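Student: Please take one chain of this model and look at it closely. Then show me how it fits with the rest, in one connected account.

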Amino acid sequence: MRAPPGSAPKFLNLSQIRFPIGAIASIGHRISGVLLLVTLPLLALALDRSLRSEAEFEALRDLVSAPGRALLLVVVVWAASHHVLAGLRHLLMDMGIGSRLAQARTSAWAAIVAAGVIALAAAVRWLS
Amino acid sequence: MRLFLGQRAWMLQRATAVVLLIFLAAAAAMLLAGPRLSYERWHALATSPHGAVLIVVLFAALALHGWIGIRDIVLDYIHPPAGRLLLLGLIALVLIAIVIRVALTMAAHFTTAG
Amino acid sequence: MSADGEEEDMRISIYRFNPETDAKPRMQDYDVTPEAGDKKLLDALMRLKTVDDSLSFRRSCREGVCGSDAMNINGRNGLACLTSLAGLKEPVVLRPLPGFPVIRDLIVDMTQFFAHYHAIKPYLINDELAPEHERLQTPQERDRLNGLYECILCACCSAFCPSYWWNPDKFVGPAGLLQAYRFISDSRDTATAERLAYLDDVYRLYRCRTIMNCTEVCPKGLSPSHAIERIRLALVRESS
């Protein structure tokens, strides 16, 4: 049972690779970016609604009253927080600030934790 | 699209990021420092000449930043050139449509603001 | 027997693939008893060869300068000859460098990796009249090569870079980019503009997302991410 010629396997099972904290911050940055892009049309919609009448404005503010929607908004809050904080980290590293390995690890942890804390705060505020 | 090759796209991504950060800081300052935002205050701000233009600029910056970002993802994972072109083109159209929609929205509310 | 009189058995689980007999790869468990002088993972692997000589891996200098024995050790890339047995979590899981085509067991095809290295022209380009003796450099100019010339092309970095995994044919990768910067930084080289122009491409340089996996695993303590950062700044300066 030999492998067909020219079909060399590759080891690329991501679950068997031990990623450093910077990689975790980075994939979070990518995922949160996609999430935010998907919410952009909804943001445009919300803008329109918020200006139409006071009733619709208040209705938007009231979105968090339903736990299902509140949960989704918590995810959006996490996405925005993580993307901004990880993005800020990238901007600073591009300028040479905090781009040494030890500093980069610390800032990755900080971004991940801070975004988590903000999302948690939103969850506590809206889901309790 | 000369603008989106190599270094230009990377710079533009950073530039739009900075613009968006400024917006975020301003919004945060406004919302956290002042009293709870009322419909009247929001409407007045958003439909003022400066406000309306800024909102359109905000969405344009978001769309541009988002497009460059999603482009990186497509370039990483989608390999057939035709598929890439199609996907990026589609996303570009959707984003342009959103920005136009926002511009029209602001124009509509602006004229009714009186 | 080791120095403190204990005989410790090590469990090592190794990725096996023989293209002549296997349809797909598998993991094989081994138990090895390191002797007193065995300090590094490579020592354990050499000992395993006496138990199973079909086990295949590259190795040469055994002191971390040739780069042959790069592999994925417990999920992170590293050199077997520089990885201490002490403190190594068991079972020790060894797999080939991620993303590289596997020739056999832990031996991977480095063709693409070296193609990128050659493409960045890893040699001094200076068509000016050659001086009688050396092309001189001040100590400061020579210092600019520190952290760049020491690369042993082991591929631990490029094989740990997600951007390189997704586009190994088009993205130059951390090792190639570090070497590109080595020549860009060399005061004796006059092809800086051309070198930068080659890299100014949405794939060649700009797949890098500053994930920094490269710097995390470099066994020589180098920072390809820093070199890439400097190339980006050089490109910005050039365009303004």
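**Chain B and its surroundings**

Tutor: Read from the N terminus, the elements of chain B follow the order α-α-α-α. That makes four helices and zero strands. The radius of gyration of chain B is 17 Å, well over the 13 Å that the globule rule gives for 114 residues, so chain B is more spread out than a compact globule. Keep in mind that this is a predicted model. For the model, the scores are ipTM 0.92 and pTM 0.94.

The outline of chain B can also be given as a box. Taken along the principal axes, its C-alpha atoms fill roughly 50 × 30 × 20 Å. Of the 114 residues in chain B, 19% are buried. Among its contacts between residues at least 6 apart in sequence, 74% join residues at least 24 apart.

Now take one helix of this chain, α1(B). It has 28 residues and reaches 41 Å from its first C-alpha to its last, close to the 40 Å expected at 1.5 Å a residue. Which of its residues are buried? They are Trp10(B), Gln13(B), Thr16(B) and Ala17(B). The buried residues of α1(B) pack against α3 of chain B together with α3 (67–94) of chain A. The partners of this helix therefore include an element of another chain as well as one of its own.

That leads to the contact between the two chains, which takes 20 residues from chain B and 17 residues from chain A. On the side of chain B that touches chain A, the elements giving two or more residues are α1 (6–33), α2 (39–47), α3 (49–77) and α4 (81–113) of chain B. Which element gives the largest share of that side? It is α3(B), with seven residues. By residue type, this side of chain B divides into twelve nonpolar, six polar and two charged.

Next comes the partner, chain A. It has four helices and zero strands, and its elements run α-α-α-α from the N terminus on. The radius of gyration of chain A is 20 Å, well over the 14 Å that the globule rule gives for 128 residues, so chain A is more spread out than a compact globule. Its C-alpha atoms fill a box of roughly 70 × 45 × 30 Å along the principal axes. Buried residues make up 28% of the 128 residues in chain A. Of the contacts in chain A with a separation of 6 or more, 74% are between residues 24 or more positions apart.

A single residue shows what burial looks like here. Ala115(A) lies in helix α4 (residues 101–127) of chain A. Why does Ala115(A) count as buried? There are 24 other C-beta atoms within 10 Å of its own, and a residue is buried if that count is 20 or more. Leaving aside neighbours within four places in sequence, Ala115(A) is in contact with Trp78(A), Ser81(A), His82(A) and Leu85(A). Phe19(A), 96 residues away from Ala115(A) along the chain, has its C-alpha atom 19 Å from that of Ala115(A).

Chain A also meets chain C. In this contact, 35 residues of chain C touch 22 residues of chain A. The elements that give two or more residues to the side of chain C are β6 (102–104), α7 (213–217) and α8 (224–239) of chain C. The largest share of that side, four residues, comes from α8(C). Its residues divide into 14 nonpolar, eleven polar and ten charged.

Chain C itself has a domain assignment, which gives domain 1 (10–108) and domain 2 (111–239). The C-alpha centres of these two domains lie 29 Å apart. Their contact takes 14 residues from domain 1 of chain C and twelve residues from domain 2 of chain C. Strand β4 (residues 76–79) of chain C gives the largest share of the domain 1 side, four residues. That side divides into eight nonpolar, five polar and one charged.

Last, the confidence in chain C. Its average pLDDT is 95, and 97% of the residues score at least 70. Over residues 1–5 of chain C, pLDDT stays under 50, and the model has five contacts for them beyond four places in sequence.

Notes: Residues are numbered from 1 along each chain as its sequence is written. Chains are lettered from A and ligands numbered from 1 in the order in which they are written. This is a predicted model: local features need pLDDT of at least 70, side-chain atom pairs count only at pLDDT 80 or more; totals for chains, interfaces and linings use all residues. Two residues are in contact if their C-beta atoms, placed from the backbone, lie within 7 Å. Ala, Val, Leu, Ile, Met, Phe, Trp, Tyr, Cys and Pro count as nonpolar, Asp, Glu, Lys and Arg as charged, and the others, Gly among them, as polar. The expected span of a helix is 1.5 Å times one less than its number of residues. A residue is buried if 20 or more other C-beta atoms lie within 10 Å of its own, exposed if 12 or fewer, and partly exposed in between; C-beta atoms are placed from the backbone. The radius of gyration is taken over C-alpha atoms; the globule rule is 2.2 Å times the number of residues to the power 0.38. Domain bounds come from an automatic or database domain assignment. pLDDT is the predictor's confidence in each residue, from 0 to 100.
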